Every structure is written in C-alpha cells, then in structure tokens.
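Reader: Could you take me on a close look at one part of this picture, the side chains and the spaces they leave between them? I'd like it in plain words that I can follow with the model on my screen.

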Amino acid sequence: KIQQGLTEKVFVQNVYPWQDHASFYGLNLIGALDISYVKNKESAVSGLVVMQYPSLKCIYEDCQEITMSQPYVPSFLAFREFDHYKDSLDRLNQCNPDLFPQVFLIDGNGLLHPRKFGIACHLGVCEDLVTIGCAKNLYLMDNISRDDQHSDKINDLESKGDYFTLKNKNEEIIGAALKTCEQSKNPIYISIGNKISLDTAAKLVTGLCKYRIPEPIRKADFLSRDYIRTKMTKDEDDE
C-alpha cells in the first residue's frame with residue numbers, strides 16, 4: 001500500500017533545462033548507486049560514485065560494508081536497500097555537498113515494477129532526486145516475459161540507442177529495453193525513477209555507455225565488488 005500510494009508522486013517528465021538540451025548542456029555531475037551482496041550472508045557492500053559529465057571522470061567514491069536487516073522479498077527490494085542508499089547520500093551531502101549529482105543511475109528498477117515503484121522511484125520521490133532505474137535483467141511480471149515475441153523485438157534493435165517500450169497489463173508504458181552497445185545483443189532495461197522522461201533517460205543512458213552497462217553503474221558495481229574481494233574475503237582468510 002505504501003508503494004501504491006507513493007507511485008502517484010513520481011514525476012514522469014523532464015523538470016530541468018539540461019534535460020531538454022540536445023547535448024544535455026548544464027549537466028555536470030552524474031551519480032550511481034549499487035549494492036553487491038556477499039553470497040550466503042547478510043553482509044553486503046554499498047557503492048556510490050560521482051562522475052563529471054561529459055568526461056565521465058570519477059571524482060568521488062564511497063564504499064561501505066553494510067548488514068541487510070530486512071529479508072529479501074521479491075518486488076520489495078526497495079525496503080531492504082533504501083536506508084543504505086540514503087546513508088550514502090547523507091555522507092556525500094555532509095562531506096562534499098558541492099559534488100552532489102544532478103541525476104542518479106540506480107542499479108535496479110523504477111516504474112518497471114509490479115506496483116510501479118521500484119528502488120529508483122522510492123529513492124527519487126523520498127529524497128527528491130532525478131533518478132533512472134538501470135537493470136541488467138528483465139523483471140518478469142504481468143504480461144512482461146522473456147518469450148519469443150520479446151526476443152524478436154530485441155533482434156530488431158539495430159543501432160546503439162534503439163529501444164522498445166515495455167507495458168504492464170494495463171497497457172501503461174513502464175520501461176524500455178535499450179540497446180546500449182553495438183557489440184552486445186542483450187539490451188539493458190531502463191525505467192523512470194523520478195523527474196525525467198523515458199525518452200530523455202534512454203538518450204542519457206546511451207551516451208554513458210562504452211560497453212553494455214552505463215559507466216557510472218559499472219564503476220559503482222566494480223567498487224563494491226572489489227571491496228568484497230579485497231577486504232571481506234581477505235578478512236575471512238585471516239580468520
């Protein structure tokens with residue numbers, strides 16, 4: 001019920017001048033948030049990066065070991081991750097407020113969710129941020145499935161930046177399958193989090209991709225996974 005009530009507060013259109021500019025003039029800072037989980041444990045690592053735009057130079061990194069106090073429940077991941085993401089944002093605001101991004105890419109979904117309120121929406125609405133959900137895999141629900149028709153549409157994506165929309169059972173557009181790399185056959189799945197249109201989100205994310213996954217997400221994911229590999233695994237070996 002909480003998610004169903006808050007989804008009405010999601011802004012699904014552009015609200016800032018840079019979003020309507022062909023080259024995103026005025027956009028200077030992009031952030032990305034990711035959580036990597038330790039297999040068979042309640043421990044995890046949250047990663048936040050800030051990159052300059054358009055150079056994509058990383059100018060801020062934050063990596064924290066966290067404990068997941070909430071159990072994993074499908075479609076309720078936001079309640080498990082929100083507080084940890086908020087902690088990362090609060091640290092950034094306190095230590096380097098001048099580096100606070102104008103838009104965040106979240107490793108997860110936004111409107112592409114059974115109740116149209118995934119983690120990208122949850123964070124965007126509650127923290128009043130511009131957010132985009134960027135998922136590596138398709139969220140299967142309602143009439144959205146990885147069937148032959150879906151595969152055919154993927155095969156029809158010819159060039160980087162091409163996408164097709166995804167609709168729920170009510171025929172509402174809730175996301176898109178976006179081809180982000182000429183060399184990859186598999187798209188990523190983007191969705192509005194808050195304060196941006198789907199088309200603008202697709203154009204921005206495409207421009208952030210050297211490979212299949214947008215660079216800010218790749219960096220945040222690497223940061224958290226590297227922490228697990230070098231710090232947490234090492235601690236276990238020392239024991």
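Author: Let's start with a yardstick: a residue is buried when its relative accessible area is under 20%, exposed when over 50%, and partly exposed in between, using a 1.4 Å probe and protein chains only. Tyr16, at 35%, is therefore partly exposed. Please keep in mind that this is a predicted model, where local features need pLDDT of at least 70 and side-chain atom pairs count only at pLDDT 80 or more, while totals for chains, interfaces and linings use all residues. Residues are numbered from 1 along each chain as its sequence is written, and side-chain values use heavy atoms, without hydrogens and water.

Tyr16 sits in the loop between helix 1 (2-6) and strand 1 (29-37); helices (H or I, at least four residues) and strands (E, at least two) are DSSP runs numbered from the N terminus. Together with Phe11 and Val15, Tyr16 makes a nonpolar surface patch of about 270 Å². Such a patch joins nonpolar side chains (Val, Leu, Ile, Met, Phe, Trp, Tyr) within 5 Å, or like charges within 9 Å, from residues with over 30% relative accessible area and no salt bridge. The areas come from the Shrake-Rupley method with a 1.4 Å probe, and for residues only the protein chains shown count as cover.

Now for the charged pairs. A salt bridge is a side-chain nitrogen of Lys or Arg within 4 Å of a carboxyl oxygen of Asp or Glu, and the count comes to eleven. One of them joins Lys219 to Glu61, with 3.3 Å between the closest N and O atoms. This pair links distant parts of the chain, since Lys219 belongs to helix 6 (residues 215-238) and Glu61 to strand 3 (residues 58-67), 158 residues apart. Both partners are partly exposed, Lys219 at 27% and Glu61 at 42%.

Another salt bridge pairs Arg91 with Asp62, the closest N and O atoms being 2.7 Å apart. Arg91 is in helix 2 (residues 77-95) and Asp62 in strand 3, so this pair ties together parts 29 residues apart in sequence. Here Arg91 is partly exposed at 24%, whereas Asp62 is buried at 7%.

Back in helix 6, Asp221 and Arg225 meet in a salt bridge of 2.9 Å, N to O. They are four residues apart, so about one helical turn separates them. Asp221 is buried, with a relative accessible area of 15%.

Finally, the spaces. On a 1 Å grid over the protein atoms alone, a 1.4 Å probe fits in a cavity but cannot get out, a pocket is an open set with protein on both sides within 12 Å along at least five of seven lines, and lining residues have an atom within 4 Å of a point. Points join across faces, edges and corners, and a volume is the space filled by probe spheres set on them.

The second largest pocket holds about 210 Å³, and its lining includes Asn143, His150, Lys153 and Phe164. Helix 4 (148-155) and strand 6 (163-167) each supply at least two lining residues, with the largest share, four residues, coming from strand 6.

A search of the whole structure finds one cavity of 30 Å³ or more. The largest cavity contains about 40 Å³ of space, and among its lining residues are Asp107, Cys134, Lys136 and Ile217.
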